[in-house]
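This report goes through the side-chain contacts of one protein model. Charged pairs are taken up before the aromatic rings and the cysteines.

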Amino acid sequence: MAIPWENPSVGVTRASAKAGGSCKTELKFPPGAIRAPNTLFSLRPSRRSLQNKRLYLAVFAAVLGNFSFGFALVYPSPVIPALEAYPSPALRLDRYTASWFGSVFMLGAAAGGLSAMLLNDRLGRKLSIMFSALPSAVGYLLMASAQGIGMLLLGRVLTGYAGGVTSASIPVYISEISHPGVRGMLGACPQMMAVLGSLVLYALAGLVLDWRWLAVAGEVPVLVMIILLCFMPNSPRFLLSQGKDDKALASLCWLRGKDTDYPPLGNSRDPFIYKPILIAVGMRFLQQLSGVTCILVYLQSIFKKTSVILVTLVGLVRLFSVMIAAVSMDKAGRKILLFVSGMSLSQAGLHRALLHSSGGFTASTASPYPSFPAGYAMGWGPITWLLMSEILPLKARGVASGLCVVVSWLTAFTLTYFFLWPLLRPPLHQLMSAFCPTFQHAFGFCVPETKGRSLEQIEAFFRTGRRSFMR
């Protein structure tokens with residue numbers, strides 16, 4: 001078994017590879033250190049590697065899947081009011097069918113998370129993201145050409161399935177190809193693109209684009225994503241786990257440049273997996289328990305006549321907040337943003353709970369106040385996905401990320417389905433508004449600070465409990 005060291009002194013001889021060549025390094029280990037099998041050597045986050053545009057291109061190609069996910073998630077928001085007044089009985093929604101139309105997406109996402117537990121480790125992260133394009137494209141096509149409610153629901157299930165696969169694969173892919181210097185910023189990109197996808201859908205709906213054409217528009221980012229990903233490399237760490245060291249090294253060279261120093265990346269044998277998995281699953285559960293998905297799915301129905309202005313305002317506030325998180329995450333750290341987010345959600349939740357108990361279910365009590373979407377998008381929105389991909393050990397990352405997605409979207413389905421039921425709405429609203437933010441704030445103490453740490457340092461911390469690995 002390899003002997004880990006806290007501050008390895010590694011002598012490195014750089015060899016610049018010519019175009020079409022490969023990266024080669026001559027490595028010298030400190031006395032007594034044993035190199036573990038299947039150990040790869042990552043690139044030090046130098047200024048040159050930070051400026052390599054290929055890394056950002058690979059991230060952009062991947063997060064187009066999150067753009068499509070955000071677009072599909074809030075698709076019912078403008079469509080439900082339109083279909084409730086639709087002239088054809090075959091497509092007209094009542095309260096019962098509208099509840100299914102809004103929530104069945106989450107069942108598909110949970111199924112996608114289940115399949116990602118297998119796909120992530122069999123196909124790899126990149127191919128799993130590419131695979132999600134097929135059900136997504138078919139789902140949008142079904143909704144665009146729907147002749148009955150059954151086709152609409154099936155389309156929602158398929159787009160949800162694609163969203164579940166991407167929810168488990170994209171954060172892991174980005175985390176594994178990024179270096180610590182920019183992993184926080186790049187890790188916030190999935191949430192940022194999901195918010196942007198939602199905002200684009202609201203904008204297109206505000207332009208009086210028919211619900212069928214909204215589904216057609218959803219095909220565009222899917223097609224662009226599949227084309228760009230054909231030219232992107234797979235995750236180096238996934239290739240390493242498959243014993244493909246040469247391909248993993250070539251992938252790192254493409255992502256971070258061919259003339260860079262290589263410190264040790266570490267090994268993935270016998271990680272202590274239970275604690276990080278419990279933390280990741282717990283964070284995903286509490287994130288959905290906040291009720292943000294319910295509000296986003298039914299946002300336009302909640303606001304009614306003032307929907308266009310207020311829905312757009314909510315989208316802009318969310319986008320601005322995620323951008324603040326992306327800029328701050330690698331400087332302030334993850335934990336401080338989680339605490340700030342938890343306090344903001346607690347304040348907004350208490351305010352909404354008091355108004356709901358005194359004034360009933362109206363736009364002012366059910367809608368997210370600016371502090372609610374801002375607080376969520378600044379912390380518990382993007383950071384839970386980032387931390388999931390950071391703290392899960394390589395050995396279990398594919399399966400555990402799928403498990404997190406399953407728990408997340410089953411929780412979202414339960415809340416979204418019952419959100420429109422008059423008898424269950426008050427207790428659900430009280431739960432989401434008052435209690436969940438308190439749990440989120442308390443749970444933040446269980447999360448380690450991962451700012452500036454390599455994935456191997458984080459894994460070593462959970463495996464040994466030695467905080468020296470996190471310095």
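The text below describes a predicted model and treats its contacts group by group.

**Salt bridges**

Side chains of opposite charge can pair when their charged atoms come close. Searching the whole structure gives 4 salt bridges. The table lists three pairs, among them two that involve R125.

| Pair | Closest N to O separation |
|---|---|
| D121 and R125 | 3.4 Å |
| E176 and R125 | 2.8 Å |
| R334 and E390 | 2.6 Å |

Take the bridge between E176 and R125 first, with its N to O separation of 2.8 Å. E176 belongs to helix α7, which covers residues 149–177, and R125 to helix α5, which covers residues 125–131, so this contact ties together parts that lie 51 residues apart in sequence. R125 has 0% relative accessibility and therefore counts as buried. E176 is also given 0% relative accessibility, so E176 counts as buried. The other partner of R125 in the table is D121, at 3.4 Å. D121 has 27% relative accessibility and counts as partly exposed, because that value falls between the 20% limit for buried and the 50% limit for exposed.

The remaining pair in the table is R334 with E390, at 2.6 Å from N to O. This bridge links distant parts of the chain: R334 is in helix α18 (residues 334–359) and E390 is in helix α21 (residues 382–391), with the two positions 56 residues apart in numbering. R334 and E390 are both buried. Elsewhere, D121, R125 and E176 are joined into one network by salt bridges that share partners.

**A nonpolar surface patch**

Which residues form a nonpolar patch on the surface? They are L123, L127 and F131, and together they have about 220 Å² of accessible area. F131 is located in helix α5, the helix of residues 125–131 that also holds R125. With a relative accessible area of 32%, F131 is partly exposed. Patch members need over 30% relative accessible area, so the 32% of F131 meets that cut-off.

**Aromatic rings**

How many aromatic pairs does the count come to? The count is 7 aromatic pairs. One of them joins F461 and F462, with 5.3 Å from centre to centre and 65° between the planes. This pair is edge-to-face, because an angle over 60 degrees is classed that way. F461 and F462 are each buried. F69, F105 and W409 make up one aromatic cluster.

Arginines are also placed over aromatic faces. R284 lies over the face of W385, 3.4 Å from the ring centre. R156 lies over the face of F101, with 5.5 Å to the ring centre. Both distances fall within the 6 Å limit for a charge over a ring.

**Cysteines**

The disulfide count for the model is 0. A disulfide would need a pair of cysteine sulfur atoms within 2.5 Å. C189 has a relative accessible area of 18% and is buried, because the limit for buried is under 20%. C404, at 0% relative accessibility, counts as buried too.

How values were computed: Residues numbered from 1 in each chain as written. Predicted model: local features only at pLDDT ≥ 70, side-chain atom pairs only at ≥ 80, totals over all residues. Heavy atoms only, no water. Salt bridge = Lys/Arg side-chain N within 4 Å of Asp/Glu carboxyl O. Buried < 20%, exposed > 50% of the residue type's maximum accessible area, 1.4 Å probe, protein only. Helix = DSSP H or I, 4+ residues; strand = E, 2+ residues; numbered from the N terminus. Patch = residues over 30% accessible without salt bridge, like charges linked within 9 Å, V, L, I, M, F, W, Y side chains within 5 Å. Areas by Shrake-Rupley, 256 points an atom, 1.4 Å probe, with all protein chains shown as cover. Phe/Tyr/Trp six-rings, centres within 6.5 Å; stacked < 30°, edge-to-face > 60°. Lys NZ or Arg CZ within 6 Å of the ring centre and 35° of its normal.
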